[in-house]
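Reader: I would like a close look at one part of this protein, namely its salt bridges and the surroundings in which they sit. Please take me through them with care, and then turn to the cavities and the cysteines.

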Amino acid sequence: MKKLSIFLMAATMLIAVGCKGKKTVESNPEIQQKVDEYAEFSLTSDLIDGLSANEKELVKIFIEIGKVMDEIYWDEYFGYANRASLDTIQDPAIRAFARIQYGAWDRLDSEKPFIPGYGERPAGCNFYPQDMTREEFDALEDTLKDSQYSVIRRDENGALYVLPYHEAYKEELAKVDALLEKAISLAENEGLKRYLEARREAFRTDDYFESDMVWMDMKDSKLDFVVGPIENYDDGINGLKCSHEAFVLVKDEQWSSDLSKFAALLPEMQKLLPCDPKYKKEVPGTDCDINVYDVVYYAGDCNAGSKTIAINLPNDERVQLAKGSRRLQLKNAMQAKFDNIMVPIAKLMVCPEQVDSVTFNAFFGNTCYHEVAHGLGIKNTVNGGIPCRQALGAQYSAWEEAKADVCGLFLTEQLIERGLITNTTVAQNYITFIAGILRSVRFGATEAHGVANIMCYNYFFEHGAFTRNADGKYVINVDAAREAARGWAALIIAMEGEGDAAAAKAYSEQNGKIGADLQKDLDAIRDASIPRDIVYRQGVAVLGL
């Protein structure tokens with residue numbers, strides 16, 4: 001496979017040039033505007049200063065591994081051949097935007113193609129042959145075809161065959177193996193060392209269960225490294241194939257300590273969910289943690305288009321039922337989005353009487369408990385015990401994100417009323433949440449988070465959670481919003497619990513569309529030149545290492 005290290009360096013320069021608006025040749029003004037919609041942010045952290053010399057060396061190694069994850073993700077989403085063709089594009093704005101999107105489709109505009117010569121995004125990206133039919137896939141007799149960690153290819157005769165990731169990306173993963181060997185030798189924290197050893201084996205075998213279990217026990221390391229094939233958002237055919245990514249994280253021990261007390265409350269939180277009791281009989285694990293980190297490097301899936309600001313992992317339901325999950329809040333990335341995007345949107349769209357109720361603490365709380373809520377609700381259908389993820393297939397991601405949004409909001413309300421959260425109010429959380437929908441809806445109607453937010457927006461509007469005043473500003477009715485949250489949560493959890501993929505698809509197709517009034521609001525936000533998301537200046541040099 002062609003390796004493009006020199007090309008990557010050039011691409012990084014192009015992103016920086018595009019985002020600053022400096023062009024050496026004439027750019028497409030429409031695409032340049034899209035590039036400019038991503039606010040630049042230097043991914044740094046004061047927490048680096050508190051690391052030991054060995055930990056700083058580990059950060060460097062983790063960043064190198066992240067670069068390999070980035071390389072693999074390019075192939076999974078766009079294909080190495082397509083990626084190489086970008087080097088022939090003369091327009092610097094198009095090239096810069098392609099680097100942000102990791103391909104030819106605008107992730108925040110319903111994945112519309114923006115590079116001449118490219119049509120709609122293949123539903124299965126590069127995980128499957130683009131011309132593969134459903135009949136061909138169903139007829140393929142290989143149990144690994146349904147693995148989250150395999151790709152489907154054609155042989156010289158045109159027949160389908162399966163390649164597990166450790167074979168498909170053998171050359172790339174050999175680099176990862178060597179880097180992990182070095183990292184293991186440097187790791188002084190026992191939990192981190194065990195995790196790196198287990199993850200190394202997982203890359204060799206495509207069996208991530210044990211490393212996920214070990215990761216759940218890694219409680220006291222200052223560093224964390226989320227790496228591997230993790231999320232399945234890109235597989236629009238079967239909702240199976242996982243994309244490679246990496247986060248390099250430094251723990252904020254003070255903020256983490258403040259949140260740690262909530263982990264033991266998860267079973268009680270499960271009982272509080274506003275849904276039919278039959279959908280909340282499962283008991284979530286309590287051996288989990290809620291911690292706060294500064295993220296110092298993104299790579300692969302998490303760096304494409306809109307940037308992740310919180311993590312809830314692992315996704316493996318077996319691990320969740322046995323040990324729960326870990327919720328990682330990326331505080332510096334949250335602050336970047338709040339300052340650059342949320343505050344300007346609130347000033348433009350929220351009525352003067354309520355705009356000051358849009359606060360970072362509320363934004364942080366809503367995001368934090370979104371991740372908590374992923375571990376709640378129902379994991380297996382009530383009418384057969386099938387994993388909800390499997391039953392809903394390609395519909396699952398959007399519904400699961402919708403559940404996490406509204407159940408996280410509901411749980412934050414409960415904790416505030418119990419006096420366990422004291423730095424924000426219920427009203428601030430609901431007002432900030434609704435203002436936040438205007439931010440997230442801009443992700444588009446194809447990305448899972450975007451579909452979830454559009455459905456939520458429409459449900460809340462229909463149930464009177466907000467109106468517009470004479471100036472077109474949003475006026476939030478907090479009491480009505482609280483009732484809407486309960487109804488929306490009950491609907492979502494029931495949809496997952498029943499596992500009816502056809503019903504889930506029908507509902508999202510009818511209610512996951514941007515209406516005329518919302519589009520008018522989004523146009524106003526666009527015309528005000530408010531960034532849609534952020535793009536990072538990142539790496540060893542930026543960190544001063």
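Author: What follows goes through the salt bridges, then a buried threonine, the cavities and the cysteines.

Please keep in mind throughout that this is a predicted model, in which side-chain atom pairs count only at pLDDT 80 or more. Across the whole structure, the search finds 33 salt bridges. One of them joins the side chains of Arg 199 and Asp 212, with 3.0 Å from N to O. Because Arg 199 belongs to helix α9 (residues 190-205) while Asp 212 belongs to helix α10 (residues 209-216), this pair ties together parts that are 13 residues apart in sequence. Both partners, Arg 199 and Asp 212, are buried.

A second pair to examine is Arg 482 with Glu 413, a salt bridge in which the closest N and O atoms are 2.9 Å apart. Here the arginine is found in helix α20 (residues 478-498) and the glutamate in helix α17 (residues 396-417), so the bridge ties together parts that are 69 residues apart in sequence. The two ends differ in their exposure: Arg 482 has a relative accessible area of 22% and is partly exposed, whereas Glu 413, at 1% relative accessibility, counts as buried. The value for Arg 482 is to be read against the cut-off, since buried means under 20% relative accessible area.

A further salt bridge is formed by Arg 526 and Asp 527, whose side chains meet at 3.1 Å, again taken from N to O. In this pair Arg 526 is partly exposed, its relative accessible area being 37%, and Asp 527 is exposed, with a value of 55%. Salt bridges also join into a network, which links Asp 177, Glu 181, Arg 200, Glu 201 and Arg 204.

Turning from charged pairs to a single residue, Thr 367 has its place in helix α15 (residues 360-374). With a relative accessible area of 12%, Thr 367 is buried. Once its neighbours within four places in sequence are left aside, the residues in contact with Thr 367 are Ile 309, Ala 310, Gln 329 and Met 334.

As for internal space, the structure holds three cavities of 30 Å³ or more. The largest cavity contains about 80 Å³ of space. It is lined by 14 residues, of which Pro 284, Gln 320, Leu 321, Gly 375 and Lys 379 are the closest to its centre. By character, the lining of the largest cavity comprises four nonpolar, seven polar and three charged residues.

The second largest cavity contains about 60 Å³ of space. Its lining is made up of Leu 265, Glu 268, Met 269, Leu 272, Leu 411, Gln 414, Leu 415 and Arg 418. Helices α12 (266-272) and α17 each supply at least two of these lining residues, and α17 is also the helix in which Glu 413, the partner of Arg 482, lies. The lining of the second largest cavity divides into five nonpolar residues, one polar and two charged.

Finally, on the cysteines, the search of the whole structure finds zero disulfides. Cys 125 is in no disulfide, and the nearest cysteine sulfur to its own, that of Cys 242, is 13 Å away. Cys 242 is likewise in no disulfide, its nearest cysteine sulfur being that of Cys 125. For anyone planning to read these side chains in terms of exposure, Cys 125 counts as buried at 4% relative accessibility, and Cys 242 is buried too, with a relative accessible area of 2%.

How values were computed: Residues are numbered from 1 along each chain as its sequence is written. This is a predicted model: local features need pLDDT of at least 70, side-chain atom pairs count only at pLDDT 80 or more; totals for chains, interfaces and linings use all residues. Side-chain values use heavy atoms; hydrogens and water are left out. A salt bridge is a side-chain nitrogen of Lys or Arg within 4 Å of a carboxyl oxygen of Asp or Glu. Helices (H or I, at least four residues) and strands (E, at least two) are DSSP runs, numbered from the N terminus. Buried means under 20% relative accessible area, exposed over 50%, partly exposed in between (1.4 Å probe, protein chains only). Contact means heavy atoms within 4.5 Å. On a 1 Å grid over the protein atoms alone, a cavity is a set of points where a 1.4 Å probe fits but cannot get out, and a pocket is an open set with protein on both sides within 12 Å along at least five of seven lines; lining residues have an atom within 4 Å of a point. Grid points are joined across faces, edges and corners, and a volume is the space filled by probe spheres set on the points. Ala, Val, Leu, Ile, Met, Phe, Trp, Tyr, Cys and Pro count as nonpolar, Asp, Glu, Lys and Arg as charged, and the others, Gly among them, as polar. A disulfide is a pair of cysteine sulfur atoms within 2.5 Å.
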